[in-house]
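Ready for a few exercises on a protein model? Work through each task yourself, then compare your steps with the solution below it.

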Amino acid sequence: MPELLNVLKGVVLFQDLTEQDLKEVANRITKRSYKLGEYLFRAGAPRNELMIIQSGEVEILHGVGEVQKAVARLGEGNFVGEGAMLGDEPHATSCRAVIDTTVLALDRRGLDEIFARSPDATRKMLSQVARVMTYRLTYASYGHLGAAVPALLGGRQRLEHDLLGERHVPADAYYGIQTLRGVENYDITGIHLALFPHFIKALAMVKKAAARANQKLGDLDKNIADAICAACDELIAGNLHNQFVVDMIQGGAGTSTNMNANEVIANRALEILGHARGEYQFIHPNEHVNMSQSTNDVYPTAIRLAIILGHDQLTKALSELAYELKQKSVELSDVIKMGRTQLQDAVPMTLGQEFEAFRVTVKEDIQRIHNAVDLFKEINLGATAIGTGITAKPEYSSLAIEELARISGVEVVPAANLVEATSDMGAFVLFSGVLKRVVVKLSKICNDLRLLSSGPRTGFGEINLPPMAPGSSIMPGKVNPVIPEVVNQVAFQVIGNDLAVTMAAEAGQLQLNVMEPVIAFNIFQSLKMLTQAINTLTQRCIKGITANRERCRHLVESSIGLITALNPYIGYENSTRIAKKALETNRSVTELVLEEGLLTREQLEDIMKPERMTSPRV
């Protein structure tokens, strides 16, 4: 009984009950176990008992028939089936164990007995149910139910305070009260910090560098510094990223992001030293983790470092695309086709030359990206609030930057002027512009691929794109160029992101640009989308392209543009006359040349060899 009473005291539903009321609840509890995947209840079943999760974890599922979506995950101390306290309507959702789970069940009969015995206990329990249901509705409307604040749905909590007052925070959360306020204030994109792991790793590297610098300066106790660094190492390794729950776009110039990092690191460091989460008297998010720092130097430094750490995925994707385009250029080097300008027949070329041009335009931007990224190595760490270094020792900036270079493996250097660097967004504008340059060229390539594969009978039909999906719900046999189409759309988004970055950089005022969150969001999104789009184009389109060789040659032979290639051999006057006659009679140039005896078939075939028609005349 004492053990069960302790469990019940940790459940928010029962936290205001007297000792006697808790005993009445405990006397009516039944313990039940569920295996992984087993349902505690299903939608439509009678709602006849309240269940408290003693150990394990469950998910709440909502949907119709077999199509079920997980809308929340609830762990130890949470409760489900609270509707049994309110009426006899059937369950509107289903509940399934996601690991082996033990619950404490209180059936309707037991609930009725408790309610009849103690009206005061009834009022307190129903009050908590109403509060929890309010939270559930609130966070369901935010679109991240069970992701950002799961324990607020009814689990164990801890009380924290900040400038604005006190709030309950999930007891098992590593974030704290300021992160919670950030979640509530900025329900904007539904895209949280956790979706950009390089950013979280960069934040952790900056915090670790700061801790080491402060320790060397004698301002931070070694045990605390070591614990902070160990927590940062876990973040760098990829752990606890699910605790970064603030929306990417936020007010406050990134303060909520900085505090999300400070609180997660502080609470994990507390655990490492044997303390409970929230015991900030031992390690404080602001006083220790944020020592000698401001959001205004930590946040932009972390953004810069994240771009440096993450851009290689983009350049690698571009390199692989260029390689596959080269493979195609070699494979198709003997396929003669008609080149076009202004969508009109021009002069012959080979498909190999067309794909080689694609390769060159892709390859040349790799160095452009590297050059732009180099600008991010100049950072303002140690600038603190506006670049004057207030609250930090004079030696701190150089020490922290040295530590960051060692931790990250990136040759970061201090900005020449920290006041200027704190407000300047020029490097972001340039880098975003380079990304725009890449997608504009990439989108043009995709436009060409769609044209070259158009038809297949009534269009160009010179190449075949690998079929990826049926193209129509009404037209049998239709296959669309879906991969180039999706890359086109990514290009449009990246171009839009670049405009947002440009406007945000221009909107800075005085000593700080408060629009940095939207700059970071758009650049990170562009990097991620562009990398994925390039990989998709390479693997699901370029590799599988084949040529319609006969179609290409037929178009060359029937094109009026062929006369340009024959001009050096039959003369300008003959070429003009043959071209005019071909247009008037709808006959091919080769047919008319042979008919008039201007060239023999052997001469014509020799002239029409790809190497003669697609390079300067020898």
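**Exercise 1: a strand and its surroundings**

How many of the seven residues of strand 8 are buried? Keep in mind that you're looking at a predicted model.

*Solution.* Step 1: fix the cut-off, which is that buried means under 20% relative accessible area. Step 2: go along the strand and count, and you get six of the seven residues. Step 3: draw the conclusion, namely that strand 8 is largely enclosed by the rest of the structure, because six of its seven residues are buried.

**Exercise 2: the sheet around that strand**

Work out the strand order of the open sheet of four strands, and find its edges.

*Solution.* Step 1: recall how sheets are put together. Strands of a sheet pair through backbone hydrogen bonds, either parallel or antiparallel.

Step 2: follow the pairings. Strand 1 and strand 8 run antiparallel and are joined by five bridges. In this pairing, Lys 31 sits opposite Leu 104 of strand 8. Then take strand 3 (residues 49–55), which pairs with strand 8 (residues 101–107) over six bridges, again in the antiparallel sense. Here Leu 50 has Leu 106 of strand 8 opposite it.

Step 3: write down the order, 1-8-3-6, with antiparallel pairing. The edges are strand 1 (30–34) and strand 6 (79–80), each of which pairs on one side only.

**Exercise 3: charged partners**

The structure holds 40 salt bridges. Take the pairs Glu 24 with Arg 117, Arg 96 with Glu 59, and Glu 354 with Lys 337, and say for each how far apart the partners are and whether they're buried or partly exposed.

*Solution.* Step 1: start from the basic idea. Side chains of opposite charge can pair when their charged atoms come close.

Step 2: look at Glu 24 and Arg 117, whose closest N and O atoms are 3.4 Å apart. That pair ties together distant parts of the chain: Glu 24 belongs to helix 2 (residues 19–27) and Arg 117 to helix 3 (residues 108–117), 93 residues apart. Glu 24 is buried at 14% relative accessible area, while Arg 117 is partly exposed at 40%.

Step 3: move to Arg 96 and Glu 59, with 2.5 Å from N to O. The two are 37 residues apart, with Arg 96 in strand 7 (residues 94–97) and Glu 59 in strand 4 (residues 58–64). Arg 96 comes out as partly exposed, with a relative accessible area of 25%, and Glu 59 as buried, at 8%.

Step 4: finish with Glu 354 and Lys 337, where the closest N and O atoms are 2.6 Å apart. Glu 354 lies in helix 11 and Lys 337 in strand 11 (residues 336–341), 17 residues apart. Glu 354 counts as buried at 14% relative accessibility, and Lys 337 is buried too, at 1%.

Step 5: go back to Glu 24 and Arg 117 and see what else they connect to. Both are part of a salt-bridge network that also links Asp 21, Arg 28, Arg 109 and Glu 113.

**Exercise 4: cysteines without a bond**

Why are Cys 232 and Cys 229 not joined by a bond? Check Cys 446 as well.

*Solution.* Step 1: remember what you're looking for. A disulfide is a covalent bond between the sulfur atoms of two cysteines. The cut-off is a pair of sulfur atoms within 2.5 Å.

Step 2: check the distances. The sulfur of Cys 232 has its closest cysteine sulfur in Cys 229, 6.1 Å away, so that's too far for a bond. For Cys 446, the closest cysteine sulfur is in Cys 541 at 7.0 Å, which is too far as well.

Step 3: count for the structure, and you find zero disulfides. As a bonus, Cys 232 is buried at 0% relative accessibility, and Cys 446 is buried at 0% too.

**Exercise 5: an empty space**

Which residues line the largest cavity, and which helix supplies the largest share?

*Solution.* Step 1: find the cavity. The structure holds one of 30 Å³ or more, and the largest has a volume of about 40 Å³.

Step 2: list the lining: Leu 318, Thr 361, Val 362, Asp 365, Val 438, Lys 441, Leu 442 and Ile 445.

Step 3: sort by class, which gives five nonpolar, one polar and two charged residues.

Step 4: assign the helices. Helix 11 (351–374) and helix 14 (426–452) each supply at least two lining residues, and helix 14 has the largest share, with four.

Definitions and conventions
Residues are numbered from 1 along each chain as its sequence is written. This is a predicted model: local features need pLDDT of at least 70, side-chain atom pairs count only at pLDDT 80 or more; totals for chains, interfaces and linings use all residues. Side-chain values use heavy atoms; hydrogens and water are left out. On a 1 Å grid over the protein atoms alone, a cavity is a set of points where a 1.4 Å probe fits but cannot get out, and a pocket is an open set with protein on both sides within 12 Å along at least five of seven lines; lining residues have an atom within 4 Å of a point. Grid points are joined across faces, edges and corners, and a volume is the space filled by probe spheres set on the points. Ala, Val, Leu, Ile, Met, Phe, Trp, Tyr, Cys and Pro count as nonpolar, Asp, Glu, Lys and Arg as charged, and the others, Gly among them, as polar. Two strands pair if DSSP finds at least two bridges between them. A salt bridge is a side-chain nitrogen of Lys or Arg within 4 Å of a carboxyl oxygen of Asp or Glu. Buried means under 20% relative accessible area, exposed over 50%, partly exposed in between (1.4 Å probe, protein chains only).
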